[in-house]
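Open the model in your viewer and keep the selection panel at hand. The stops below follow one another, each with something to select and something to check.

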Amino acid sequence: SAGRRGFNPAVLGRSLFLAATGLTDVSVTYRGALTSSVGGLVGDSYSLLSGLTGAAPGLGYRLGFVRSVPIDRRLTDRTVNLQYADLLSDQHTFEARTTVEPFRALRVGLSWQTSFQSNDRLPFRYVADPSDPTLGTVAPDPVDRRGTGQSTVYSFGGSYDALLERHRQRFLTDTQGEGDDGLYTSEYLLRTGLAADFQSEFARGVGTFGPRGIFAIPVPGWDITYSGLSSWPLLRSLTQQVTLRHNYSATSQADYSSFFATDNQPRTITVGSGAEATTFTLAAPAVEGGGGSSEANVVTVNERFQPLLGASVGIRGGIQADVTWNRSNLYTLQTTSNQLTQKAIEDVQVQLSYAKTGLRLLGLRRLNNNLRLTMTASLATDQTFIRNLRTDLDNLLRGADPVVLQPLSTRRIQLWPRISYTVSNQVTADVFFRYERSKPSGTNAFPTRSFDGGVSLRILFSN
């Protein structure tokens, strides 16, 4: 007898959704770690009873629910050189991945990632009682905080000229209203202002989070594979498979540390030149609470098209051709020195291979040869610019052009021929050779050439 299957709306709805979007899988991962180290504790008994009665650190701290211990549980002996600190560390990582197949020959992988960590150092010092030097208490000093964070972002479309213009507009906007003390409140050429404008130009996300918003809420990178060309009539008669690939990923990383408002002194900026020059005195914005804040020291954006375009073609007769065109940009902002380093790398790599299997060695049936010939060629260029934001912005405000720099560049050519020979999967021989030539410009370095090659033989003894 035939069974009857009931109607399930949830299953039908999920099937229609997956068919409409091509979504095949979703993966979300979170990893976190919280650690603490507390120094200068009072008491030498750490039994369960002592924790419950308050004679030693409580159970909350021992089990990890509380990360610190009250000050009244610390050593206060003035005869002891108290140099201890609490160390707190937080680390969090979020990752998400999914794959979309709009139609059979097209596959798109999407990935998001963000991670951030902080390390707080809470130092303590002994404060003597003015009325009785033999008495005193332990008091905390300002927290020293350091940390880093990284997120996937979009960096395409950014340029150094646009960054200069964005920061110049910040200055023009902030100098519209003068304060009662004759100062203008502005983050122009400060760590916070430089990091914010740099990230707005080169590290675009869907928002910001973290201390002073120095981390980006991640956006997805993608990996696209298309294999439908092999079904075209012309290519179908010549090739066995044709695959196109494209990949984009960019990450923004910010390193920060504690910074106090007292470290930002008023600074003067001159606009125009000659008799029309005007001088403005800028002051840093006040920090809430009057203490320190977390400000970026170094911000790095790494953008990669790997490949910008790649093609893999399998030709009938055992010939395989792979072509990849890669491009990457690395931007590094040093907020303290107002220096921006930009490095661009572009390379094209071509690999041709020929494989022949089933050849008989000396007419013996059991010994079949597998022969593979491979030739790889690569042409790469990289250019590095080291720019001073303060110098270029001063020139821009005075009506002059930014400094024109000659890049530090290098061109490299590489060739790798290789011959692999296998006999019945037990004897393998390889002959390889590598040639590389580099030609730098803009530096005192000399062109170089290198040769590398060799022969390897592997014998597998087995029944």
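Does Leu-189 count as buried or exposed? Select Leu-189: its relative accessibility is 7%, and because buried means under 20%, Leu-189 counts as buried. The model is predicted, so the values at this stop and the later ones are computed from a prediction.

**Stop 1: the loop before α5**

Stay on Leu-189 and show the backbone. Leu-189 sits in the loop that runs between β6 and α5. Its phi is positive, at about 60°, although Leu-189 is not a glycine. Most residues other than glycine have a negative phi.

**Stop 2: the whole chain**

Zoom out and colour by secondary structure. The protein chain has seven helices and 19 strands. Of its 463 residues, 32% count as buried. Switch to a surface view: the accessible surface comes to about 27,300 Å², and carbon and sulfur atoms account for 56% of that. For contacts in the chain with a separation of 6 or more, 66% are between residues 24 or more positions apart.

**Stop 3: the largest pocket**

Select helix α5, residues 191-202. This helix gives the most to the lining of the largest pocket, namely five residues. The space in that pocket is about 200 Å³. The lining has 15 residues, and the closest to the pocket centre are Ala-196, Gln-199, Ser-200, Thr-208 and Gly-213. Show these five as sticks to find the centre. By class, the lining of this pocket divides into six nonpolar, seven polar and two charged residues.

**Stop 4: the largest cavity**

How many cavities of 30 Å³ or more does a search of the whole structure find? The search finds one. The volume of the largest cavity is about 40 Å³.

To see its walls, select Leu-163, Leu-164, His-167, Leu-194, Phe-198, Leu-389 and Leu-393. Three helices each supply at least two residues of this lining: α4 (160-174), α5 and α7 (389-397). Of the helices, α4 gives the most, with three residues. The lining of the cavity comes to six nonpolar residues, one polar residue and no charged ones. Helix α5 therefore appears at two stops, as a contributor to the pocket lining and to the cavity lining, by the DSSP runs used to define helices.

**Stop 5: a three-stranded sheet**

Now select β6, β12 and β11, which form an open sheet in that order with mixed pairing. β6 (184-185) and β11 (267-271) stand at the edges, each with a single partner strand, so one side of each has no neighbour in the sheet.

Take the β11 side of the sheet. β11 pairs with strand β12 (residues 278-283) in the antiparallel sense, over five bridges. Two bridge pairs to label are Thr-270 with Thr-279 and Ile-269 with Phe-280. The two strands form a hairpin with six residues between them, and Gly-272 in the turn has a positive phi of about 85°.

Then turn to the β6 side. β6 and β12 pair in the parallel sense, over two bridges. Label Thr-185 and its bridge partner in β12, Ala-283.

**Stop 6: Trp-232**

Select Trp-232, in the loop between β9 (221-226) and α6 (233-236). Its relative accessibility is 47%, so Trp-232 counts as partly exposed. Add Val-242 to the selection: the two residues are 10 apart in sequence, and their C-alpha atoms are 10.0 Å apart in space.

**Stop 7: a cis peptide bond**

Which kind of peptide bond joins Gln-306 and Pro-307? The bond is cis, with omega at about 0°. Most peptide bonds are trans. Pro-307 is placed in strand β13, residues 292-315.

**Stop 8: Asn-338**

End at Asn-338, in the loop between β14 (319-334) and β15 (339-361). Here too a residue other than glycine has a positive phi, near 55°. Asn-338 counts as buried, because its relative accessibility is 8%.

Note on methods:
Residues are numbered from 1 along each chain as its sequence is written. This is a predicted model: local features need pLDDT of at least 70, side-chain atom pairs count only at pLDDT 80 or more; totals for chains, interfaces and linings use all residues. Side-chain values use heavy atoms; hydrogens and water are left out. On a 1 Å grid over the protein atoms alone, a cavity is a set of points where a 1.4 Å probe fits but cannot get out, and a pocket is an open set with protein on both sides within 12 Å along at least five of seven lines; lining residues have an atom within 4 Å of a point. Grid points are joined across faces, edges and corners, and a volume is the space filled by probe spheres set on the points. Helices (H or I, at least four residues) and strands (E, at least two) are DSSP runs, numbered from the N terminus. Ala, Val, Leu, Ile, Met, Phe, Trp, Tyr, Cys and Pro count as nonpolar, Asp, Glu, Lys and Arg as charged, and the others, Gly among them, as polar. Two strands pair if DSSP finds at least two bridges between them. Buried means under 20% relative accessible area, exposed over 50%, partly exposed in between (1.4 Å probe, protein chains only). Contact means heavy atoms within 4.5 Å. Accessible areas come from the Shrake-Rupley method with a 1.4 Å probe; for residues, only the protein chains shown count as cover.
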